[in-house]
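Grab a pencil and try these exercises. Have a go at each task before you read its solution.

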Amino acid sequence: MRSALIILDMQNELIDPQGKVGSKGFWKTVDELKLVEKTARVADAFRDRNWPVVFVNVGFEKGYIDAISQQSRLAHLKEMNAMIIGEFGTGFPPALAPREGELVVTKRAVNPFHNTNLLNWLQCNKVEHIVLAGVYTHMVVDSTARHGDDSGLFVSILEDCCASPDMELHRTVCEKVLPLFGTVTDLVTLLEQIGQQD
């Protein structure tokens with residue numbers, strides 16, 4: 001079964017201390033949990049096996065002419081002029097920088113499958129199993145798991161490679177919601193499983 005790692009929204013705007021959103025405090029959570037380092041380990045393990053690593057970010061054209069949602073969270077981004085394509089906020093930290101040839105999906109919605117080529121790309125590359133890491137757990141990770149399951153994919157969620165600003169919400173989603181749509185696991189368990197597939 002061919003697997004792909006999907007790294008969700010781990011972009012500078014959200015997880016870097018200089019990010020317009022992350023600077024409000026979430027970068028500290030990401031740093032304390034060592035999310036970047038852990039996710040980079042998984043990415044390297046996938047690359048060593050020539051398995052796909054896919055990056056997803058949120059990005060909008062200047063003026064937000066391509067924005068979809070009418071909810072207040074988007075108004076908050078507009079106030080900060082955040083998530084503009086081509087700027088620092090839509091880039092990735094150096095430790096997680098996409099390699100040449102790796103797919104980067106820029107989405108305008110919470111769900112990375114919505115109005116993008118992600119599902120078609122996975123199908124064309126014969127991917128049957130997606131492994132999810134990223135932020136926020138209760139938004140993009142949850143949405144991706146649900147859509148992946150509805151699309152007939154096997155889904156695994158790396159609990160210790162995901163986070164939300166409210167970590168109690170993260171725990172609740174991992175314990176009570178995500179098991180309905182996939183397998184909630186962790187970095188060490190996944191790496192052990194990959195090693196057993198030699």
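Buried means under 20% relative accessible area, exposed over 50%, and partly exposed in between, using a 1.4 Å probe and protein chains only. Helices (H or I, at least four residues) and strands (E, at least two) are DSSP runs, numbered from the N terminus. You're looking at a predicted model, where local features need pLDDT of at least 70, side-chain atom pairs count only at pLDDT 80 or more, and totals for chains, interfaces and linings use all residues. Residues are numbered from 1 along each chain as its sequence is written, and side-chain values use heavy atoms, with hydrogens and water left out.

**Exercise 1. Which residues of helix 3 are buried, and what is the span of this helix?**

Step 1: go along the helix and pick out the buried ones: Leu35, Val36, Thr39, Ala40, Val42, Ala43, Ala45, Phe46 and Arg47.

Step 2: work out the expected span, which is 1.5 Å times one less than the number of residues. Helix 3 has 14 residues, so it should span 20 Å, and its end C-alpha atoms are indeed 20 Å apart.

Step 3: look just past the helix, where Asn50 has a positive phi of about 60°.

**Exercise 2. Find the largest nonpolar core and say which helix gives the most to it.**

Step 1: recall that a nonpolar core is a set of buried Ala, Val, Leu, Ile, Met, Phe, Trp, Tyr and Cys residues joined through side-chain atoms within 4.5 Å.

Step 2: the largest one holds 40 residues, and Leu5, Phe46 and Val135 have the most contacts inside it. Helix 3 (residues 35-48) is the top contributor, with 7 residues.

Step 3: check Phe46. Beyond its neighbours within four places in sequence, its contacts (heavy atoms within 4.5 Å) include Leu5, Trp51, Val131 and Ile194.

**Exercise 3. What is the strand order of the sheet, and where does strand 4 sit?**

Step 1: two strands pair if DSSP finds at least two bridges between them. The open sheet of 6 strands then reads 3-2-1-4-5-6, with parallel pairing.

Step 2: find the edges. Strand 3 (104-107) and strand 6 (183-185) each have a single partner strand, so one side of each lacks a neighbour in the sheet.

Step 3: strand 4 is joined by 6 bridges to strand 1 (residues 3-8), and 6 bridges also link strand 4 to strand 5 (residues 154-163). For instance, Ser3 is the bridge partner of His129 in strand 4.

Step 4: 7 of the 7 residues of strand 4 (residues 129-135) are buried, so the rest of the structure largely encloses this strand.

Definitions and conventions: Contact = heavy atoms within 4.5 Å.
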